[in-house]
Amino acid sequence: MKPFFKKILQYYLKYITKLVLAIHKPVIIAVAGSANKTFTRDEIRKVLEKRGSNARANLKSFNTEIGLPLAILNLPSGYNEYRNWLPAIKGALAALFETDFPKFLVLELGVSKKGDMKYLLSVISPEVSVITGITQRYIESFSGMDDLVGEYKILAKGTKRSGLVAVNGDNSRSGEVAKSSQAEILFYGKSEKCQAKILEIERGSNGEVAEISVGGKIHREELGRFGEHHIYARAAAILVDKHIQSV
Amino acid sequence: MFERTKNLKLSVIKQMELRASKFPDVISLAQGVPSFDTPECIKRRVELALRDGVVAKYSLSPGLPELRELIEVKLAEENMFYDFEKEILVTAGSIEGITATILAITNPGDEIIIPEPTYTSYREVITLAGCVPVFVSLNEEKGWTLELEKYEAAITPKTKAIFYCNPNNPTGTVYSKEQLLELAKLAEKHNLYLISDEVYKDFLLEEDRRIFSLAELPELRKRVIRLFSFSKSYAMTGWRIGYLHSDESVVKEILKVHDSLVTCAPVISQYAAMGALEMADKDVAYFNRQYLKRRDLICARLDKLKNIFSYVKPTSSYYVFPKIIKDNMKFDSYDCPDSLSWGFALYLLEKAQVAVVPGVAFGPNGEGHVRFSFGRSEKDINRAMDRIEKLFKFT
């Protein structure tokens, strides 16, 4: 796609999306981090849906400057074919009049270069942000880890004051990110500082089984999936759920 | 000298290709290569990775975490649940995955059972590992199905695994769930691994079908090693990229061999694989529709040669494996092993300049057959079949 057309499309989608969000006023839950975004996003959506809430999450990994509006508007990508963009262009306008727009949007945010987070936050204003962990993945386009961490600080800072920032407490840069926020900060993971603390993990025949302690209550979680990252995703989802219930 | 390689043979498919290359006007239906180019969205993903300067260095030995995470998501869509951090290994095509698997799970002298006819290179890899391939024939009359009693009879104390290709190359047929579950019972009874090569799983030429994989069953996760390659589904044979998955306890051993063999899969191809999983679903669906048309075309053309061939209609992959039923054909003059399928393939090559693969390449039970690939374009298929029809009109 020609850069000129891409820019026009990007701004068209951005402003329609902002208008759609202003009309429908969904609660936005942002999920960002170097790894485990998709599974965390899915766990949060599952928890919300279990409570009977209508929630929408990104299709595939639509999480960039064009992907994010598509995720919010629930539209397909035209990828590199001009004519394949027509349904998205028309559909974007139709979203203004959508009668059953979801109450919750659970949105993965993708950051691959400096400035990406600032742009994404010019489209959305999250009530809740989850930062799943920061590693050297995607570091290539940044001048160093500080630059990359800076993107997540922007998200923590950009989360509504009345909201929540849930951070993977086992990540060594997580504390630094948390300090940037004026919202409530909660940690999840195995370390002592975590409010959603993973106590026990055992591998069952159908997936991981974990005990997660939250506010003195122990949740026994059967994941139906294999891998510790699913337990972290579930712990994050418990914190998000608790916050949503409290407001 | 050359003790390890003396019993290896250059694949018959490659031998046919070498012979075919001497005929300037040859049409090759021999190699299993899709006629399509790699989809544009995959190339764009690679261009981006090149521009970002992320392809020049090794990745972690099991592969880029972001690719493995995408693979985990894809597997979950197919009802298979594996941990991307410990249970998914990105390989340099499926053949590297097969080699690493066999080297990891066997000791020299072990036996591996292979339902045949099946993919030619299995035999060579097993032999290279110092193991013994034990062929068990599929039942052609019943649509190339597994006959369980034959497997029970073939198992010895040295048997380590049953290694099958599903959908099967060269027959283009799919094993049913019931058959696979029976095979799994046998594997449990005799404590065997099940190696499932599913590189054609995306090509289903019948409506509403889905391939069942034993890797879907959590109780079998320590026993099943499943392999996939991007080569066929995404027209990426030259990129050499695939993956395998199994329980952590198995994959950690295979990883040691993989690391010794290749360090990591080519990083540029790992980015291509990410592009494939992120964006190429529509291309796979398009390829599938084209292969369905080509399957119907080649079957219609074979139907016109009923005095020469009989065949089981393929329901997957892009191969058909007809039996040569014409009598009284002599191929003594050809420089080849004493085999009807070899002679017939060379006869087609010399007289019609059409390259096919002799069935014996796929195991003893493949003798008397030839493999046609309909991965080629409709135009190539028509031209090749015109020549074969013309040849047999006058003989």
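## Strands that pair

Two strands count as a pair if DSSP finds at least two bridges between them. In this predicted model, strand E4 (residues 128–131) and strand E5 (residues 164–168) of chain A meet that condition, pairing in the parallel sense over four bridges. Within this pairing, A:Val130 stands opposite A:Ala166 of E5(A).

## The sheet of chain A

Let's step back to the whole sheet. It is open, has nine strands, and follows the order E2-E3-E1-E4-E5-E6-E7-E8-E9 in chain A, with mixed pairing. At its edges stand strand E2 (55–57) and strand E9 (217–222) of chain A; each has a single partner strand, so one side of each has no neighbour in the sheet. From one strand to the next, the twist averages 20 degrees.

A helix joins the picture here. Helix H2 (residues 37–50) of chain A lies across four strands of chain A, namely E1 (27–32), E2, E3 (104–108) and E4, and runs at about 170 degrees to E3(A).

## Two helices in chain B

Now to chain B. The axes of helix H11 (residues 281–303) and helix H13 (residues 378–393) of chain B come within 10 Å and cross at roughly 10 degrees. Because angles under 35 degrees count as roughly parallel, H11(B) is roughly parallel to H13(B).

Which residues make the contact between H11(B) and H13(B)? From H11(B) come B:Gln290, B:Lys293, B:Arg294, B:Leu297, B:Ile298, B:Arg301 and B:Leu302, and they meet B:Glu378, B:Ile381, B:Asn382, B:Met385, B:Asp386 and B:Glu389 in H13(B). Sorted by class, this contact has five nonpolar, two polar and six charged residues.

Notes:
Residues numbered from 1 in each chain as written. Chains lettered and ligands numbered in written order. Predicted model: local features only at pLDDT ≥ 70, side-chain atom pairs only at ≥ 80, totals over all residues. Heavy atoms only, no water. Axes fitted to C-alpha atoms, helices over the stretch in contact; angles between N-to-C directions. Parallel < 35°, antiparallel > 145°, perpendicular 65-115°, else oblique. Contact = heavy atoms within 4.5 Å. Nonpolar A, V, L, I, M, F, W, Y, C, P; charged D, E, K, R; others polar.
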